[in-house]
Amino acid sequence: MKPEDSNIILDKTFAFAVRIVNLYKYLTISASQKEFVISKKLLRSGTSIGANAEEAIGGISAADFINKLSIAYKEARETNYWIRLLQKTGYLSELETQSLLTDLDDISNILAKIQITTKNNIQKKNNS
């Protein structure tokens, strides 16, 4: 992708997915951690956010675009849950948790704003 093709939500969700993959490796490979069940769920939901955002960009209609972004938002909410659970069960520190949740909140807010803007634009177009 060329710099002028940069897309903030795709960039942020990809960077977040890289963090999630690295966290998964740490949780499953680290001799002190060895957590497999929750980390697998986190890996699936945390990487799915960006995959669904990417699919939304290639959507065949505005409805398809909104639907994929809605799924990405739901995956972000699920990821939030798994991160908080890992922290409360001692697998993540407060600092690690806050760093991940800050990035995730940023992504969730952007996803929500894109959906609202798109829905408003569709409504304006239909009212014209």
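A residue counts as buried when its relative accessible area is under 20%, as exposed when that area is over 50%, and as partly exposed in between. Keep this scale in mind for the residues below. The model itself is predicted.

Start with the overall layout. The chain has 4 helices and 0 strands. Along the sequence the pattern reads α-α-α-α. Helix α1 covers residues 8-29 and helix α4 covers residues 94-127. Between them in the numbering come helix α2, residues 37-57, and helix α3, residues 62-88. The C-alpha atoms fill a box of roughly 60 × 30 × 20 Å along the principal axes.

Now look at how the chain is packed. It has 128 residues, and 38% of them count as buried. Take the contacts in the chain with a separation of 6 or more: residues 24 or more positions apart account for 66% of these. The accessible surface comes to about 7600 Å². Carbon and sulfur atoms hold 56% of that surface.

Charges come next. The chain carries 17 positive and 14 negative charges. The mean positions of the two sets are 5 Å apart. Some of these charged side chains pair up: a search of the whole structure finds 5 salt bridges.

Two of the bridges tie helix α1 to helix α4. Begin with Lys12 and Asp106. Their side chains meet in a salt bridge, with N to O at 2.7 Å. Lys12 sits in helix α1 and Asp106 in helix α4, so the pair links distant parts of the chain, 94 residues apart. How accessible is Lys12? Its relative accessible area is 30%, so Lys12 is partly exposed. Asp106 has 32% relative accessibility and is partly exposed as well.

The other bridge joins Arg19 and Asp103. Here the N to O distance is 2.5 Å. Arg19 belongs to helix α1 and Asp103 to helix α4, and 84 residues separate them. Arg19 has a relative accessible area of 29%, which lies between the limits of 20% and 50%, so this residue is partly exposed. Asp103, at 33%, is partly exposed too.

Move to helices α2 and α3. Glu75 forms a salt bridge with Arg44, and their closest N and O atoms are 3.2 Å apart. Glu75 is in helix α3 and Arg44 is in helix α2, 31 residues away along the chain. Which partner is buried, and which is partly exposed? Glu75 has a relative accessible area of 13%; this is under 20%, so Glu75 is buried. Arg44 has 41% and is partly exposed. The pairing does not stop at these two residues. Salt bridges that share partners join Arg44, Glu75 and Glu78 into one network.

Finish with a residue in helix α4, Thr97. Is Thr97 buried or exposed? Its relative accessible area is 2%, so Thr97 is buried, under the 20% limit. What does Thr97 touch, leaving aside residues up to four places away in sequence? The contacts are Ile83, Gln87 and Leu92. Of these, Ile83 and Gln87 fall within residues 62-88, the span of helix α3.

Put the pieces together. Four helices follow one another along the chain. Lys12 with Asp106 links helix α1 to helix α4, as does Arg19 with Asp103. Glu75 with Arg44 links helix α3 to helix α2. Thr97, in helix α4, is buried.

Technical notes
Residues numbered from 1 in each chain as written. Predicted model: local features only at pLDDT ≥ 70, side-chain atom pairs only at ≥ 80, totals over all residues. Heavy atoms only, no water. Salt bridge = Lys/Arg side-chain N within 4 Å of Asp/Glu carboxyl O. Buried < 20%, exposed > 50% of the residue type's maximum accessible area, 1.4 Å probe, protein only. Contact = heavy atoms within 4.5 Å. Areas by Shrake-Rupley, 256 points an atom, 1.4 Å probe, with all protein chains shown as cover. Lys, Arg positive; Asp, Glu negative; His and termini not counted. Charge placed at Lys NZ, Arg CZ, Asp CG, Glu CD.
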